[in-house]
Amino acid sequence: MQSVAMPWLALQLTHSGLLVGLVLAAQFLPILVGGPLGGMVADRYRKRSVLVVTQALFMVPSFALFAVSATGHAQYWMIIVAAFATGTINLFDVPARQAFVIEMVGRHDLMNAIALNSTVFNASAVIGPAIAGLLIGAVGVPICFLANSLSYVAAIVALLLMHDLPGMVPSHQQLPFLTRLAEGASYARHEPVVGMLLLAVAVFSLFAMNRLTLMPLFADQVLHVGAEGFGLLLGSMGSGALAGALTLAFFPSFGANPRRQLWMAVIWVAALLEFSISRVFVLSLAALFVAGYCQISFIATANGRIQAITPDHLRGRVMSLYAQALMGVGPLGAIQAGALATRFGAPIAMATGAVVAGVVILGISLVRPQVFAPVSGAPAESVPGPDATIRPQGDPPGAPLESAPPR
């Protein structure tokens, strides 16, 4: 709901696509600049403890936005500050949350867990924007900020109620600070599949995932459907993403198919191009549904493949690079999309980003064919079964193994 309310409030105050883009830029700038630092924290401290702290801190900027918007004192700079604060918290929350998944379920069920997580997330992405659009039209934006602030109470309770987690412990490597900071990047540079997948995610995030910058402009200036239509547009894309996540949840083997991942990227680009030229609301909704389906299929598959390849002691730092690729380049993407939309209009901005992303993904498939090459299957020892054991992070090779808890 807040993902709808924040850019809509910024648009109401400024009537500028560029300034709406700057709000989203402020939200993702901390991850772009300091991503590896969040990964180091995730690798050094217990991830559940990190998440309890970050979820509690998320309540502050959301409640502040509720207070200033409800009292009529909201100003553009306040939105920027709240967005930057949210981004700073995300710097530590995202890598810890991503790397926590495998600790809860083990490597064997990783793809299924990522798909289930995406299902829950995208179910809220369907319901939230649709409700937000109706509420903004009926009573205004403050209620969206209040609801978001209160929702973190439930997240904190859920974390505190977890028990029987695997025996994975934080890593306490005695290495220089800068060496530990750079380890994740060094690994990604020398592991071609991980490096190219991170590049592909970054390019799509930069050029093809600027919906919160461009969608208000499409709703207001192109399709003329107002706040309610804005919510429905985001809801349609969220519905497609939910369908894509459910597909991976029921058929996790799809997430291990690199060739399918390539096709999802190509269809994603085509759907965005269709949306950019559509002036019929129903067709626009259909195009966004397809785009959402392909987006979550591509991103969740990249997430699962990267985590499955990465060693345990580096997972937090590599996932911080994933966070940089997925969210950190958001500032640059939001600014370029907002600037193009201001100069040439939202349809041109959307089409340009889609074309650039498509060219890059096809280039990767030609230059590094192994990234999307079909695989016959991983060696048996690389995919632990349900009774597999988990070695605590940082232990020497001869240390005793701890059995994974029952699922």
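**View A. Helix H11 is the top contributor to a nonpolar surface patch.** H11 gives the most to the nonpolar patch, putting in 3 residues. As in every view here, we're looking at a predicted model. The patch itself is built from Trp263, Val266, Ile267, Phe289, Val290 and Leu362, and together they offer about 500 Å² of accessible area. Two helices, H11 (258-277) and H12 (281-309), each chip in at least two residues. Zoom in on one member, valine 290: this residue sits in H12. With 35% relative accessibility, valine 290 counts as partly exposed.

**View B. The whole chain, for orientation.** Before going further in, here's the overall tally. The protein chain has 15 helices and 2 strands. It runs to 407 residues, 54% of which count as buried. Take the contacts between residues at least 6 apart in sequence: 85% of them join residues at least 24 apart. The accessible surface adds up to about 17200 Å², with 70% of that belonging to carbon and sulfur atoms.

**View C. Threonine 310, tucked into the loop after H12.** This residue lies in the loop between H12 and helix H13 (315-328). Is threonine 310 buried or exposed? Its relative accessible area is 1%, so threonine 310 is buried. Its side chain reaches back to the backbone oxygen of isoleucine 306, at 2.7 Å. Leaving out residues up to four places away in sequence, threonine 310 touches Arg107, Tyr187, Arg315 and Val318.

**View D. A salt bridge between H13 and H2.** The structure holds 3 salt bridges, and this view takes the pair made by the side chains of arginine 317 and aspartate 43, at 2.7 Å from N to O. Arginine 317 belongs to helix H13 and aspartate 43 to helix H2 (residues 17-44), so the pair ties together parts that are 274 residues apart in sequence. Both arginine 317 and aspartate 43 are buried. As a reminder of the chemistry, side chains of opposite charge can pair when their charged atoms come close.

**View E. A salt bridge between H4 and H3.** Here glutamate 103 pairs with lysine 47, and their closest N and O atoms are 2.7 Å apart. Glutamate 103 is in helix H4 (residues 76-105) while lysine 47 is in helix H3 (residues 47-70), so this bridge ties together parts that are 56 residues apart in sequence. What about burial? Glutamate 103 is buried, at 9% relative accessible area. Lysine 47 is buried too, at 5%.

**View F. A salt bridge within H4.** The partners this time are the side chains of aspartate 93 and arginine 97, with 2.9 Å from N to O. They're 4 residues apart in helix H4, which means about one helical turn separates aspartate 93 from arginine 97. The geometry behind that is standard: an α-helix has 3.6 residues a turn, so residues three or four places apart point the same way. How do the two ends fare for cover? Aspartate 93 counts as buried, because its relative accessibility is 0%. Arginine 97 counts as partly exposed, because its relative accessibility is 36%.

**View G. Helix H10, end to end.** How far does H10 (residues 226-250) reach from its first C-alpha to its last? Its 25 residues reach 36 Å, close to the 36 Å expected at 1.5 Å a residue. This helix is mostly covered, with 18 of its 25 residues buried.

**View H. Two histidines with positive phi.** Histidine 15 has a phi near 55°, a positive value in a residue other than glycine. Its home is the loop between helix H1 (2-14) and H2. Histidine 224 also isn't a glycine, yet its phi is positive, at about 55°. This second histidine is found in the loop between helix H9 (211-222) and H10. As for accessibility, histidine 15 is exposed, at 66% relative accessible area. Histidine 224 counts as exposed as well, at 59%.

**View I. Arginine 343 and leucine 18, brought together from distant parts of the sequence.** The two are 325 residues apart along the chain, and their C-alpha atoms are separated by 9.5 Å. Arginine 343 is part of helix H14 (residues 330-344). With a relative accessible area of 61%, arginine 343 is exposed.

How values were computed: Residues numbered from 1 in each chain as written. Predicted model: local features only at pLDDT ≥ 70, side-chain atom pairs only at ≥ 80, totals over all residues. Heavy atoms only, no water. Patch = residues over 30% accessible without salt bridge, like charges linked within 9 Å, V, L, I, M, F, W, Y side chains within 5 Å. Areas by Shrake-Rupley, 256 points an atom, 1.4 Å probe, with all protein chains shown as cover. Salt bridge = Lys/Arg side-chain N within 4 Å of Asp/Glu carboxyl O. Buried < 20%, exposed > 50% of the residue type's maximum accessible area, 1.4 Å probe, protein only. Polar contact = N/O pair within 3.5 Å; in protein donor to acceptor, adjacent residues only side chain to side chain. Contact = heavy atoms within 4.5 Å. Expected span 1.5 Å × (residues − 1).
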